[in-house]
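Biologist: Please take a close look at a single part of this structure, and then relate what you find to other parts in the same careful way. I am a first-year student, so I would be grateful for a step-by-step account.

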Amino acid sequence: MKERILETLRDLRAYALDRGYEIVLDYHEEDSYLMRFANSAISLNTNEHLIRLEITAFAGRKRASYELITDLDKINEMKQGVDVAAEMVQHAQPLEYDPTIPAFAASFADESAYDEDLAQLANAEKLAYFNRAVEGLETDDLQLSGIFSSGETIAAQSNTRSEHTQFWRASDAQVNAVLAHATLKWEVIAEQSAQCKADLDPEPLRRDLAYLLERYQTETAQQIPLGRYDIVFGSSAIADMLNFMNWIGFSGGSMKRGFSMLAEDKVGKKVFSDKITLVDDPDQIATFPFKRDFTGIERKPFPLFERGIFKGFVWFQDDADEFGARPTGHTVMHKSLALHGGEVDVASLQALVGMPRQKDLLYIPFLHYMNIVNPSKGVITASSRFGALLLKKDGSLVVPYNVRLTQSLLDIFSDKVAWLSRQTVACNTSMSYGARNPTAIRVPKFMCVEGLEISHSNSSY
Amino acid sequence: MIEQLKQQIERIKAQGATYVDARWYPFEESNQLVMLNGNLKNASASRESGVGIRVLYQGAWGFSASSDLGDLGALFDKALDNARVAAERVTFPIRLAEKDAVQATFSSPCEVNPFEVPLADKVAFLKEMDDKLKQEGVFLRFSRLNFIRKQIVFVDSEGSEIEKLITEVFAGLEVDGKDAQGMTHERKFTLGQQGKPTRGWESIDRQLFAQNAERIVRELKEMLVADDCPKEDRSVILLPGIMFLQTHETIGHALELDRILGYELAFAGGSFVTLDDFGKLRYGSPKLTARANATVPNSPGSFGFDDDGIPAKDTVLIDKGVLVGAITGRQMVEEANARARKPIFDGSGGANRATSFYRVPIERMTNINIDPGTDGTLDDIVARTEKGIVLDGERSWSIGSNREQFHFATDIGWLVDEGKVTRVVKNATYKGDTLKFWNSLSAVGDESTWELKFVDNCGKGQPNQVMQLGHGVPVCRFDNVRIGE
Ligand SMILES: [Zn+2]
């Protein structure tokens, strides 16, 4: 398959060169499987095999692109696509800067994050996994929702500037299992990310769900008072906040366009707690990493924050071209973010609940519908969801209705960070918009932040 | 091709399927252009074609799709296989509400096919707008065009055969500026229906865009020297540029029947609405009448027939404040009626749509509209407001997982004191609990305030589907709302 893809790209390159076109080819292929559960049934079982070819044509400072969903048998259709892009670019308007056309110094192929057993997982295996994850937990009132999304993604690139090609293939699975009360409307979740089949294990999901269910079934939910709380964020919530930071934090292009909470003069300065070390680390196999970016730059671990000190912005090639910055190997479908673990041993929710505490702790595992209220200040807003708990200092436990947090990321990751768990986990952050793009962020299982304000507290679910 | 699809449908039915349909897209093309600070950042086009197959077998769905039509038999078999697996875990066997078989065609109104307009003309339009936006105080200027054209052929095992040709035009302008503290603010204009009967390239009205370019630059400049929005309780007067989003998020999504029945719990969330609420729940004040109206002429939410083959309908959702309807398709109305043990819904509301051939149809908003009211013009409403704020422009939105509460940030706010607009404020936000908020609706503007807004990016479902739809809304006032938080 790999050879056939690269051969096709070489054919298209030759076709473009014959006609004097300057092009870049981006090939994306996915084999996607999704088993979706709702109301304790399989509500959807689907698969898609799709090949997308994006052809970007250049003519001096002009640039235009054409994308088609195609098939490897349809070489003539792809060639027509090359002609369309070449025609389009004639009518584009020149950019006010020189766009870089990549030239690869050597061919590169990376299939290290590919596991055929995961990519080809059978329907029966997925169903068996789910059945085990919720075995004995479903009732007429407690119904299962969730997804088992798995598959493989191929990304390959070629261009007319060099004869070399790049090829990347990864397998991935994203699992989440939700048990929701049909009438009381509370919900609990357990999640897993997998890069290879060996990563799949329904037991931790079952354990987490069983533990939360016991709490939720014995306690009555309460509206908690507004005010400041020491909040322990779970891995999903931490990953979600880092995802937003990826957008309004350390992106050079966002910063230049006024859409960032960090300014240029913050480089080298302490902006977060010294407990915060965040790296874009392509050695983290669980993050489906790219070892080369799409312009051919080798990707090495790139420190973003080291003990709270901001190390520098990342530059996507086009932003680097526009603003005269040096590209940093970040022209990729996704980064490989890893937030380092801390000093405190808390491997599980049970361990967190069992920890001695001097103050109440609000545990928020998941932040729903996060959005940016003010990018310049880093202010985000989101609501808690899926199994929040108020751990009282006397050792007792309250189930809270959902609450809203409207806060600056600068504040959340500031010196208010009390501790991070030593244990980390790869948290799957893949979205199912558009082309398949498996993403995960490695984060501590828990992060405790002191004195964050809860601005809205629900009186029901 | 249609004959081949029909033969395959018959073949799969003969293997025990109770229902089969095929959506064949001979083509779907798109063209997106973005100019940012004079640079044509994005000049892209795409084209795809393919077919999606849905099979209902022993009460469970199976779906399969491909752009490769070379082996239709294998594609139908795969959909049937997927349904067989799903049939191993069924709690409520899927049934589809009755419908009439339809042989019909639908074309969305379009005079000039935007795909036949030379790229150079589109670029020239963006350049013209960019020049108008290029003024002192404007730090970033965006001009956008987005065109979609698709042909969809629907065939099902109940004898329906429908062909649709849909053309969509979306366009907008945005300016961003920095205040004295270096904080970014934005102001936008998005093309809506503007009372036009068609929506091809002809809807790109240069004069309309030029007027709005001038307005958003002026308003941005006012904001850059304005004070922050105060943190207090006031009446909020929502202009259509934010009212559409309020309606979208806290009426539209909350009343999708699949959400109400728990089919989106793993991701998007549920709804605070229960089946018991229909016919009783006081959703809003008596001034509120909302409907899902797919029969509005010329809107992305009007598409002739949904992907179950149901003709466009005008369904009242909230009648003078009382919840009476939902956004529905064939499957969910049957399940809802069975679960409620009474006929809440009389057949499908015709709102089941898929975003592409390779996605499965789900309940989607059509045009979720609010009827105009009797409280006069915007000026009339302002004149009768003691302490309020006029808000416009969507900047950020975040809604609770059951749509029970929300937080919105807007582009701009104008404080109103004792019936008069006093001054502009920046960083305006408001938040509330959905039912309390809609029940505080105290004024609904007349026809002069009503606008039909287009939405080209509503996301829902797993795998996610981006959908186009519309919202026709008047200016509305809500009382005792917390702002500035
Ligand atoms: Zn939406």
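Modeller: I shall begin with His248(B), which is buried because its relative accessible area of 4% falls under the limit of 20%. Please keep in mind throughout that this is a predicted model.

His248(B) is one of the protein donors of the zinc ion, together with His253(B) and Cys458(B). Both histidines are listed with their NE2 atoms and the cysteine with its SG atom, and these donors lie 2.0 to 2.4 Å from the zinc ion. Along the sequence, the donor residues follow the spacing H-x4-H-x204-C. The site therefore brings distant parts of the chain together: His248(B) belongs to helix H5 (residues 240-252) of chain B, whereas Cys458(B) belongs to strand S21 (residues 451-460) of chain B, 210 residues apart. Cys458(B) is also buried, because its relative accessibility of 3% is under 20%.

Staying in chain B, we may turn to helix H7 (residues 330-340). Its buried residues are Arg330(B), Gln331(B), Met332(B), Val333(B), Glu335(B), Ala336(B) and Asn337(B). These buried residues pack against several elements of chain B, namely strand S1 (19-36), strand S3 (60-66), helix H6 (257-260) and strand S14 (362-363). Just after H7(B), Arg341(B) adopts a positive phi of about 55°.

A further example in chain B is Asn293(B), in strand S10 (residues 290-293). Asn293(B) is buried, since its relative accessible area of 10% is under 20%. The side chain of Asn293(B) makes a polar contact of 2.5 Å with the side chain of Thr295(B). Leaving aside neighbours within four places in sequence, Asn293(B) is in contact with Ser302(B), Lys313(B), Asp314(B), Thr366(B), Asn367(B) and Asn369(B).

In chain A, Arg206(A) offers a contrast in exposure. Arg206(A) lies in helix H5 (residues 202-218) of chain A. With a relative accessible area of 23%, Arg206(A) is partly exposed, because that value lies between the limits of 20% and 50%. The C-alpha atoms of Arg206(A) and Ala133(A) are separated by 4.5 Å, although the two residues are 73 residues apart along the chain. Not counting residues up to four places away in sequence, Arg206(A) touches Arg132(A), Ala133(A), Glu135(A) and Leu137(A). With Glu135(A), the side chain of Arg206(A) reaches the backbone oxygen at 2.9 Å.

Finally, let us consider how the two chains meet. The contact takes 80 residues from chain A and 85 residues from chain B. Between them the chains bury about 6,800 Å², with 46% of this area on carbon and sulfur atoms. Arg36(A), Gln93(A) and Tyr369(A) supply 10% of the area that chain A buries against chain B, more than any other three residues. There are 5 salt bridges across this interface. A salt bridge joins Arg89(B) to Glu138(A), whose closest N and O atoms are 2.9 Å apart. In addition, 46 residue pairs are in polar contact between chain A and chain B, counting pairs with both residues at pLDDT 80 or more. On the side of chain A that touches chain B, strand S2 (residues 41-59) of chain A contributes the largest share, 11 residues. The residues of that side divide into 32 nonpolar, 30 polar and 18 charged.

Conventions
Residues numbered from 1 in each chain as written. Chains lettered and ligands numbered in written order. Predicted model: local features only at pLDDT ≥ 70, side-chain atom pairs only at ≥ 80, totals over all residues. Heavy atoms only, no water. Donors = N, O, S within 2.8 Å, 3.2 Å for Na, K, Ca; no water. Helix = DSSP H or I, 4+ residues; strand = E, 2+ residues; numbered from the N terminus. Buried < 20%, exposed > 50% of the residue type's maximum accessible area, 1.4 Å probe, protein only. Contact = heavy atoms within 4.5 Å. Buried area = accessible area lost by both parts, 1.4 Å probe. Salt bridge = Lys/Arg side-chain N within 4 Å of Asp/Glu carboxyl O. Polar contact = N/O pair within 3.5 Å; in protein donor to acceptor, adjacent residues only side chain to side chain. Nonpolar A, V, L, I, M, F, W, Y, C, P; charged D, E, K, R; others polar.
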